[in-house]
Amino acid sequence: MMMKYYIKTFGCQMNERDSEKIESILQESGFEKSNLKEADVIIVNSCAVREKSEKKIFSEIGRIKNINKKAKVVAMGCVAQIYPEKLSKISDVVLGTTSIYDFKNFFNKDLRDFKAIFVSNQIINPDYIFGHLKKPTAYIDIIYGCNNFCTYCVVPYTRLREISRSYKNILQEINNVVENGAKEVILLGQNVNSYNFDGVNFIRLLEMINKIDKLKRIRFVTSHPKDFSEDLAIAMSQLDKVCEHLHLPLQSGSDRVLRLMRRKYTFKEFAKKVEYFRKYNPKGSITSDIIVGFPMETEDDFKQTIKALEEIKFDEIYSFKYSNRPFAKASLMPNQVSDEEKAKRLNIIQNLQSKISEQINKSYLNSEHEVLIESKAKISNQMQARTRTNKIVNIDNTYFNLKEGDIVNVKITKINKHSFNGEICIN
Ligand code: SF4
């Protein structure tokens with residue numbers, strides 16, 4: 001009988017890719033995907049970006065053990081990297097963000113000696129090409145870690161210092177996924193703009209990837225605003241496969257708070273980067289991240305964030321209440337904002353952004369867009385697709401035979417809160 005696995009992933013795209021790496025190791029070892037109750041090995045991939053997300057791995061492992069007492073449990077991800085001893089008390093294997101390659105060498109079907117801690121202070125074999133699941137979009141790591149040490153962030157401690165992967169391996173990996181049916185790649189890094197391997201920078205890398213024959217689309221996350229350049233905005237407009245969507249995390253509209261966060265740009269400098277992007281990619285979309293209630297954020301600082309949102313008009317923002325993180329300098333700052341005040345500020349900017357997003361999305365009505373079919377939609381007979389500008393479009397498939405990976409043109413017929421409906425353009 002085949003052995004079975006179940007994976008639960010919390011957090012960002014890097015975590016999703018790490019889970020996929022583990023999944024490919026398990027499948028290569030002859031395991032098959034199953035539900036929580038029947039699994040022989042259960043993986044919980046954790047996120048440490050906020051206190052609330054950090055706690056989830058502990059409650060999730062408790063929940064799992066109540067449902068499936070016989071399974072071996074692997075605790076992995078950012079929380080595993082910083083608290084290996086604590087997690088080893090409640091799981092069989094602890095796997096830090098650095099050590100997936102070690103896990104590959106350790107893993108076999110014999111689960112009798114399944115007890116280990118894999119955490120290193122450097123990434124083990126960053127160039128190794130792990131397998132991918134067969135999907136239209138493939139995540140590709142191009143740079144690991146972060147050197148920026150923003151004062152609120154735990155990532156430089158959970159994912160360590162920056163290390164770029166060899167461009168030859170990146171190109172090889174992309175060729176592999178394309179041969180396996182992928183149409184789009186999302187290049188991953190905490191700061192993709194810092195990519196540099198043997199003199200090949202991020203723009204040069206994009207140019208190389210753009211030449212891959214069967215690949216249709218290229219996306220990337222995340223750009224640090226201080227490193228986003230006019231040259232990159234130009235390259236995005238000239239390289240036909242690079243999609244016109246930019247995720248550029250602002251975090252705050254107040255220069256004082258940006259300085260306290262150690263973001264290394266002012267709001268004016270940020271706005272200039274947005275101007276570059278829009279100048280060369282006039283039909284493009286921009287999304288961002290905002291933190292409210294950073295220590296010492298005054299009412300006036302917060303008003304500047306509101307003003308910034310009104311001025312820039314992002315397509316969408318991912319907004320969060322500030323949360324103290326281990327090792328992060330802001331945790332030691334005085335004048336922490338109360339939770340009540342943070343919740344109030346979060347509510348204000350989310351309401352404001354909803355109105356801005358609604359306005360922008362309305363402009364899509366009746367326009368035509370190229371979309372990539374990603375999966376079946378929640379509603380039967382519908383497929384879920386994505387525009388080059390990163391908008392979700394649901395398409396009725398009753399009279400068509402759309403499949404994952406197809407690229408078609410659609411007309412937007414309805415605007416919903418978080419998605420559009422679209423009809424296929426016949427000619
Ligand atoms: S750039 Fe700043 S926020 Fe982003 S991962 Fe690095 S330290 Fe964290």
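1. In this predicted model, Met76 has Leu95 of strand β5 as its bridge partner. The two strands concerned are β4, residues 72–77, and β5, residues 93–95, which run parallel and are joined by 3 bridges. As general background, strands of a sheet pair through backbone hydrogen bonds, and the pairing is either parallel or antiparallel.

2. The β4–β5 pair belongs to an open sheet of 6 strands in the order β2-β1-β3-β4-β5-β6, with parallel pairing. At the edges stand β2 (32–33) and β6 (116–118); each has a single partner strand, so one side of each has no neighbour in the sheet. When you trace the sheet, note that the order of strands in it is not the order of their numbers: β2 comes before β1.

3. Helix α1, residues 13–28, lies across five named strands of this region: β1 (4–9), β2, β3 (41–46), β4 and β5. The helix runs at about 175° to β1.

4. UniProt, in an unreviewed entry, annotates residues 3–112 as "domain: MTTase N-terminal". This span is 45% helix and 21% strand, and its end C-alpha atoms lie 13 Å apart.

5. The unreviewed UniProt entry also places "domain: Radical SAM core" at residues 132–359. Here the computed content is 39% helix and 18% strand, with 38 Å between the end C-alpha atoms.

6. Which residues surround the ligand? They are Cys146, Asn148, Phe149, Cys150, Tyr152, Cys153, Val155, Pro156, Gln190, His224 and Arg263. By class, this shell divides into 7 nonpolar residues, 3 polar and 1 charged.

7. There are 17 aromatic pairs in the structure. In one of them, Phe202 and Phe220 have ring centres 5.0 Å apart and ring planes at 85°; the pair is edge-to-face because planes over 60 degrees apart count as such. The pair links distant parts of the chain, 18 residues apart: Phe202 is in helix α8 (residues 202–210) and Phe220 is in strand β13 (residues 217–221).

8. Two backbone details deserve a check by eye. The peptide bond from Val221 to Thr222 is cis, with omega near 0°, and Thr222 lies in the loop between β13 and α9 (230–238). Asp198 is a residue other than glycine with a positive phi, near 50°, and it lies in the loop between β11 (196–197) and β12 (200–201). For context, most residues other than glycine have a negative phi, and most peptide bonds are trans.

9. A third annotation in UniProt, again from an unreviewed entry, is "domain: TRAM", covering residues 362–426. This span is 2% helix and 52% strand. Its end C-alpha atoms lie 23 Å apart.

10. How do strands β17 to β21 go together: as an open sheet or a closed barrel? They form a closed barrel of 5 strands, running β17-β18-β19-β21-β20, and the pairing is mixed. Neighbouring strands in this sheet are turned by 55° against each other on average, with direction ignored.

11. Within the barrel, strand β19 (residues 392–396) pairs with strand β21 (residues 420–424) in the parallel sense, over 3 bridges. Ile395 has Gly422 of β21 as its bridge partner.

Note on methods. Residues numbered from 1 in each chain as written. Predicted model: local features only at pLDDT ≥ 70, side-chain atom pairs only at ≥ 80, totals over all residues. Heavy atoms only, no water. Near = heavy atom within 4 Å. Nonpolar A, V, L, I, M, F, W, Y, C, P; charged D, E, K, R; others polar. UniProt positions renumbered as here; feature names shortened; annotations may be inferred. Helix = DSSP H or I, 4+ residues; strand = E, 2+ residues; numbered from the N terminus. Pairing = 2+ DSSP bridges. Contact = heavy atoms within 4.5 Å. Axes fitted to C-alpha atoms, helices over the stretch in contact; angles between N-to-C directions. Phe/Tyr/Trp six-rings, centres within 6.5 Å; stacked < 30°, edge-to-face > 60°.
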